[in-house]
Amino acid sequence: MLQRFDYSDPGFYAELDKLLRREAGYDEAVGQAVEAIIAGVRNRGDQALIEYTRQFDRYPVSGMEALQLDAQTIADSHDRLDDGLKACLKSAAGRIRAFHQQEMLHSWSYTEPDGTKLGQIVSAMDRVGVYVPGGKAAYPSSVLMTVIPARVAGVNEIIMTAPAPGGEINDAVIAAAYIAGVDRIYTIGGAQAVAAMAYGTETVPRVDKIVGPGNTWVATAKKMVFGDVGIDMIAGPSEVVVICDDSANPDWVAMDLFAQAEHDELAQSIAITPSKSMADRIMHSIDRLLEPLQRRDIIRNSLAANGGLVVVDDLAQAVEVANRIAPEHLELMVENAPDLVGGIKHAGAIFVGKYSAEALGDYCAGPNHVLPTSGTARFSSPLGVYDFQKRSSLIQVSGQGARQMAVTAAALARSEGLTAHEQSARYRLEP
């Protein structure tokens, strides 16, 4: 079921790179449709949102009042939720909040001997939009992971959009929004929700940044509105790499691969081991444990198309391969796992030791589960408080400092042919 690779084989990396290419490519039909939806929302505002909701969500609304949840409806969803699940959401929210409070950036400055003061002013964004999927599956955990860091950052207003197919809202999603502290909730989905938050309508306010996962229509819309509004990232299919040695339990490895594969057929699960015996045991565990799982068909298709089992000579090679992949999630299920952490250069999240299941990180460990995918961990980071903060440079030049810097600035400006810049600097040479 898993394609096997051996590090010692000629062309190993060429074959591995083929496995890593999962890009669906640009769908021209989707792109054209999304472009038309965005134009419709920009030109016709609320009326376009009403029409698209009728068309795509099969929800026969007559006005925007049906698409914004009032405070009582939100509170009722929270109250209706099973007490056990509600308690777990609150527990997860507390852990996520505690972690993200450590990420806060703060303003700073320093003063030079001549009195010149330089620094940065850190401030929160005014308004942020959170997109929450609501089609095939609902993800209250994503609500917590996107809203809480924005709240910790001090964002003034948080808007959430989530589709309600047929008018049905998901109580767990709304309860998570209630717990996390969302200010307004609109039951709008798809590209039209992204467009509404990016440009504003009569009812939906324009935001400064849009975060949250979505299908190809949502991802395409986020790409198109980027520049007019900030976005978090364009997330690809989910992925995990598990480095394991003979100390690992092959059943645990197999189930962690399954946990990633069950997201969808494009998800990627890769195990790397220096032990051929462990590789064989993992394959046996996969065959034995798969059948009882509810989403076994999705898992089977995912592993067959995108799964991999890599045999290396030692753990140093395993780390090298993991860095080449730059995975969203990296599990270190080896003896003395902390010893490997220093060698990891590229990973969205690193799970150290056999008890650190990626599933715990998805829901309640604390760090954010919105992570860079498709190798973008080489240059990207998890979603965090810093994504909702802005930095402004502070420059307060003293008279003495200006006279010293003006000579340098004037010379550089003259070398670039910018004579107004030169004169502006030279004016500061005057007492």
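**Exercise 1. Work out why Arg54 counts as partly exposed, and place it in the chain.**

Start with the accessibility: Arg54 comes out at 41% relative accessibility, so it counts as partly exposed. On this scale, buried means under 20% relative accessible area, exposed means over 50%, and partly exposed is in between (1.4 Å probe, protein chains only). A quick note on the model: it is predicted, so local features need pLDDT of at least 70 and side-chain atom pairs count only at pLDDT 80 or more, while totals for chains, interfaces and linings use all residues. Residues are numbered from 1 along each chain as its sequence is written, and side-chain values use heavy atoms, with hydrogens and water left out.

Next, find the element: Arg54 sits in helix H3, residues 46–56. Helices (H or I, at least four residues) and strands (E, at least two) are DSSP runs, numbered from the N terminus.

Then look for partners. Setting aside neighbours within four places in sequence, Arg54 is in contact with Tyr59, Pro60, Val61 and Ser62; contact means heavy atoms within 4.5 Å. Finally, check a distance: Gln68 is 14 residues along the chain from Arg54, and their C-alpha atoms are separated by 15 Å.

**Exercise 2. Which residues of helix H11 are buried, and which are exposed on the other side?**

Step one is the helix itself. H11 covers residues 276–289, which is 14 residues, and its first and last C-alpha atoms are 20 Å apart, close to the 20 Å expected at 1.5 Å a residue. That expected span is 1.5 Å times one less than the number of residues.

Step two, list the buried set: Met278, Ala279, Ile282, Met283, Ser285, Ile286 and Leu289. Down the axis of H11 these buried residues fall within an arc of 160 degrees, so they line one face of the helix. The arc is that of the directions from the helix axis to the C-beta atoms. As background, an α-helix has 3.6 residues a turn, so residues three or four places apart point the same way.

Step three, turn the helix round: Lys276, His284 and Asp287 are exposed on the other side of H11.

Step four, ask what covers the buried residues of H11. The cover includes strands E1 (3–6), E9 (239–244), E10 (268–273) and E11 (308–311), along with helices H10 (250–261) and H12 (296–306).

**Exercise 3. Do the same for helix H4: name its buried residues and what they pack against.**

First, the buried residues in H4 are Ile74, Ala75, Ser77 and His78. Seen down the axis of H4, they fall within an arc of 155 degrees, so they line one face. On the other side of H4, look for Asp79 and Arg80, which are exposed. Last, the packing: the buried residues of H4 lie against helix H5 (83–100), helix H7 (171–180) and strand E6 (184–186).

**Exercise 4. Trace what Trp217 touches, and link that to helix H2.**

Begin with the residue. Trp217 belongs to helix H9, residues 216–225, and at 28% relative accessibility it counts as partly exposed. Not counting residues up to four places away, Trp217 touches Val30, Ala33, Val34, Ile37 and Ala191.

Now go to H2, residues 28–44. This helix has 17 residues and reaches 24 Å between its end C-alpha atoms, close to the 24 Å expected. Its buried residues are Val30, Gly31, Val34, Ile37, Ile38, Gly40 and Val41. They pack against H3, H9 and helix H8 (190–199).

One more distance to try in the viewer: Trp217 and Val194 are 23 residues apart in sequence and 9.6 Å apart, C-alpha to C-alpha.

**Exercise 5. Where do Arg58 and Ser374 lie, given that each has a positive phi without being a glycine?**

Take Arg58: its phi is about 50 degrees, it is in the loop between H3 and helix H4 (71–80), and at 58% relative accessibility it counts as exposed. Now Ser374: its phi is about 55 degrees, and its loop runs between helix H15 (358–363) and strand E14 (389–396). At 49% relative accessibility, Ser374 counts as partly exposed.

**Exercise 6. Describe the protein chain as a whole: how many helices and strands does it have, and what share of its residues is buried?**

Count the elements: there are 17 helices and 14 strands. Then take burial: 50% of the 431 residues count as buried. For the overall dimensions, the C-alpha atoms fill a box of roughly 85 × 60 × 45 Å along the principal axes. To finish, among contacts between residues at least 6 apart in sequence, 74% join residues at least 24 apart.
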